[in-house]
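This report takes a predicted model. It covers one residue in detail, then the ligand site, the nonpolar cores and the cysteines.

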Amino acid sequence: VVVFQATTTLPPALASPATAPPPSVIDQIRELADATAGRFRTDDAATALASTDFGRNVSAAAARPAAVFYPSTPADIAALLRASSSSASPFPVSARGRGHSTRGQAAAPGGVVIDMASLGRGGDGERSERLAVSACGRYIDAGGEQLWVDVLHAALAHGLTPSSWTDYLHLTVGGTLSNAGISGQAFRHGPQITNVLELDVITGTGEMVMCSKEENGDLFEAVLGGLGQFGIITRARIPLAPAPARARWVRLLYAGAAALTADQERLIAGSGAVAGIMDYVEGSVVTDFQGLIGSWRSQPPSSDADAARVAELAKEAGGVLYCLEGAVYYGGAADTSAADVDKGLDVMLRELRYARGFAFVQDVSYVEFLDRVHAGELKLRAAGLWHVPHPWLNLFLPRSRILDFAAGVFHGVLLRDGAAGAATGPVLVYPMNRRRWDAAMSAVFPDGGDGDGDGEVFYTVAILRSAVAAGDLGRMEAQNAEVTRFCEGAGIPCTQYLASYATQEEWAARHFGPGRWDTFVQRKRKYDPKAILSRGQRIFSYPL
Ligand code: FAD
C-alpha cells in the first residue's frame, strides 16, 4: 500500500526555491511513491526523528531530510536510488540503521533517509526470511537492517553463533559493517567486517549486486568499512561457529597502564603461557569518581567492602586505575568444560601482574555476557541519562605510543578538571592484532611496523562520554580537541574510528592518507558517481 503524506511546511532547504527551480525532492519522490511499495513521510515528526542520532550533538536543522522512506523490499530501495541517480538534480539518500551514530553520519540533509528497520517489519514469514540460518552451511543470512542481538538469538536456536561482535548488540548489521564492528573478540577473529562471506548491496546507481571476496570483490571490499559511501547493504552472510553456553567474566584491576597493556598483549599473543586462554580481552580506565555514568557499561561485582578497597587502591594510584576485562567461554556446543576453563584461569591469575587481591570472577550465560551493555542501557534509560548528547571520541593508536598516550590523556587531559571533569563516561583501551584486519577493505587502521616496536598490534581507545550537566558538551568537545592536539604535539599518529571530519580535505589528509584516499575516490566514482549516499559523513558532495 502506498501512503504519501505531503507536509504543508517544507524543510528550510526546500522552502526558498531559486529562480528556475530544479525539481524538488518532494516532486521527485511524489512520482516514486506511486512506483514502489514503500511509504514516504514528509511530516515534521518523521523528519525530525531522522535528523538526530545517539550523539545528539549535530544541528538537527542542518541535518533535516526532506522525507523519510520506509521500504518494504530491497527493490524499493533500488528504485529510490535509481530515481535520484538518474535525476538532473540528484538528492542525497542515507540508510539509517538505528541512528546509533554520534555525529550525524546517517543523515541525508535535504534528501531522503531510508528507515532500514521497515524492511524487517513484514509478516512473520518475511521477518524470518531476513534472518535465515543454514545449520549445515554454518552461516546466517541477515538483513542489513537486523540487530545483532536478533542475529545472536536466531543463530543460538541452532546451537551456533557469530564469532565477532560489538560490545552493544542493538546496532544493525549494515551499520556496523559500514564501520568495522570491534570489541574484545577482534584480537582473535578480526573485526566484524572480516567475518562476512557475502553481501547483497544496492549501489548508488540503484544496481542490486551480490558480492564476496571472489565475486565483485572490489565492491565487497569497498562496502566493508565504507562508511555507507558505495552502496546499501541489504543482506550479509555471516559465518557461524558452535555456540558456548556460558562465560567466566573476569575483571582484574591494575595500578598502572604499563602492567595492564603488557598483560593484554600477552593474552592476545600467538604464543606464551597465557596466550589463547581468553576469548575476549578489553580494558578500561577506572577513576574513583565515575559513578553510574562512568560504569554503566560494565560494573564489576563488588560488595561495599570491595568498593572501599578499590577506592583505597585508586587513591594510592593517584586517582586512576585500569581494569582488564576478559571472558572465557565454555559449555554448550563449544568444546570446553568448566573444569578446563578453571585450569586456564588458575594459570592466568598466577601469571598476570594485576594488583593482587583485585581479581573479580563472575559466571554468567553467554547471552548475558554478550548483551551486558544493554543491561547498562536500561539502567541509564531509567535514570533519564540515555537521551543525552554523546561527544564520543574513538581512536586507533600504534602500540609503541600507547603509554605516552595514557600519560598525556588518561592522567592528563581527562583528569585536568578533577572529579567534575572526569565523571563522564567509560574510557576503553584494548589491543587488536593487525593481521586479523584486511587492508583491501575501506576501514582505516594504523599501518604496521614503523620500526618502533609496532608491527602486529595496535590499540583502540574509546572515550565514551555523556554530556549530562549544563556546560558538559562544550567542555568535552574542547577536551576531545585537546586530545587531538596532544597527539599532534607528541607526534602520536592516531586514526579516528567512527570518524568525523568537517571537510573533504581533512578526510583525505588526516583520515585516509594519499594512497587510501585515491582508492576511496575511485570507488566512489564507480559505485556512487552522483555522490548520493551517506552525505551525513561529510566526505563527498555533488558533483564529485
Ligand atoms: P547508523 O548509525 O544508523 O548508520 C551508520 C552509518 O552507516 C551511516 O553512515 C549510515 O548511512 C550507514 N548505514 C546504515 N545502515 C546501512 C546499510 N544497511 N548499508 C550501508 N550503509 C548503512 N561500534 C563498535 O564497533 N563496537 C562497539 O562496541 C560499539 N558499541 C557501541 C555502543 C553504543 C551504545 C553505541 C550507540 C554505538 C556503539 N558502536 C560500537 C558504534 C556503532 O558501530 C555505530 O554507531 C554504527 O553506526 C552502528 O549504528 P547503527 O546500526 O544504528 O547505524
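## Serine 183

Serine 183 counts as buried, because its relative accessibility is 1%, under the 20% cut-off. Serine 183 sits in the loop that links helix H8 (173–177) to helix H9 (186–189).

Two polar contacts involve its side chain. A polar atom of the serine 183 side chain lies 2.8 Å from the backbone oxygen of tryptophan 165. The side chains of serine 183 and glutamine 185 also make a polar contact, at 2.3 Å. Which residues touch serine 183, leaving aside its neighbours within four places in sequence? They are Trp165, Thr166, Asp167, Tyr280, Glu282 and Tyr430.

## Ligand site

The ligand is surrounded by 34 residues. Ala95, Gly97, Ser101, Thr172 and Tyr497 are the closest.

Backbone atoms supply two of the short polar distances. A polar backbone atom of aspartate 167 is 2.8 Å from a ligand oxygen. For isoleucine 182, a backbone N or O atom lies 2.8 Å from a ligand nitrogen. Serine 534 uses its side chain: an N or O atom there is 2.9 Å from an oxygen of the ligand. On its own, the ligand has 960 Å² of accessible area, and the protein covers 96% of that.

## Nonpolar cores

In soluble globular proteins, nonpolar side chains tend to be buried together. Here, the largest nonpolar core has 77 residues. Leu177, Leu199, Phe369, Trp437 and Trp517 touch the most other members. Helix H7 (residues 148–156) gives the most to this core, six residues.

Take phenylalanine 369. Not counting residues up to four places away in sequence, Phe369 touches Ala247, Trp249, Tyr280, Ala327, Tyr329 and Val364. Tyr280 is also among the contacts of serine 183. A second core, separate from the largest, holds 44 residues, including Tyr354, Ile402, Phe410 and Val457.

## Cysteines

How many disulfides does the structure hold? Zero. A disulfide is a covalent bond between the sulfur atoms of two cysteines.

Why is cysteine 487 not bonded to cysteine 494? The sulfur of cysteine 494 is the closest cysteine sulfur to that of cysteine 487, but the distance is 3.9 Å, too far for a bond. The cut-off is 2.5 Å. Cysteine 487 counts as buried because its relative accessibility is 1%. Cysteine 136 counts as exposed because its relative accessibility is 79%, over the 50% limit.

Notes
Residues are numbered from 1 along each chain as its sequence is written. This is a predicted model: local features need pLDDT of at least 70, side-chain atom pairs count only at pLDDT 80 or more; totals for chains, interfaces and linings use all residues. Side-chain values use heavy atoms; hydrogens and water are left out. A nonpolar core is a set of buried Ala, Val, Leu, Ile, Met, Phe, Trp, Tyr and Cys residues joined through side-chain atoms within 4.5 Å. Buried means under 20% relative accessible area, exposed over 50%, partly exposed in between (1.4 Å probe, protein chains only). Helices (H or I, at least four residues) and strands (E, at least two) are DSSP runs, numbered from the N terminus. Contact means heavy atoms within 4.5 Å. A residue is near a molecule or strand if one of its heavy atoms lies within 4 Å of it. A polar contact is a pair of N or O atoms within 3.5 Å; within protein, one must be able to donate a hydrogen and the other to accept it, and residues adjacent in sequence count only if both atoms are side-chain atoms. Accessible areas come from the Shrake-Rupley method with a 1.4 Å probe; for residues, only the protein chains shown count as cover.
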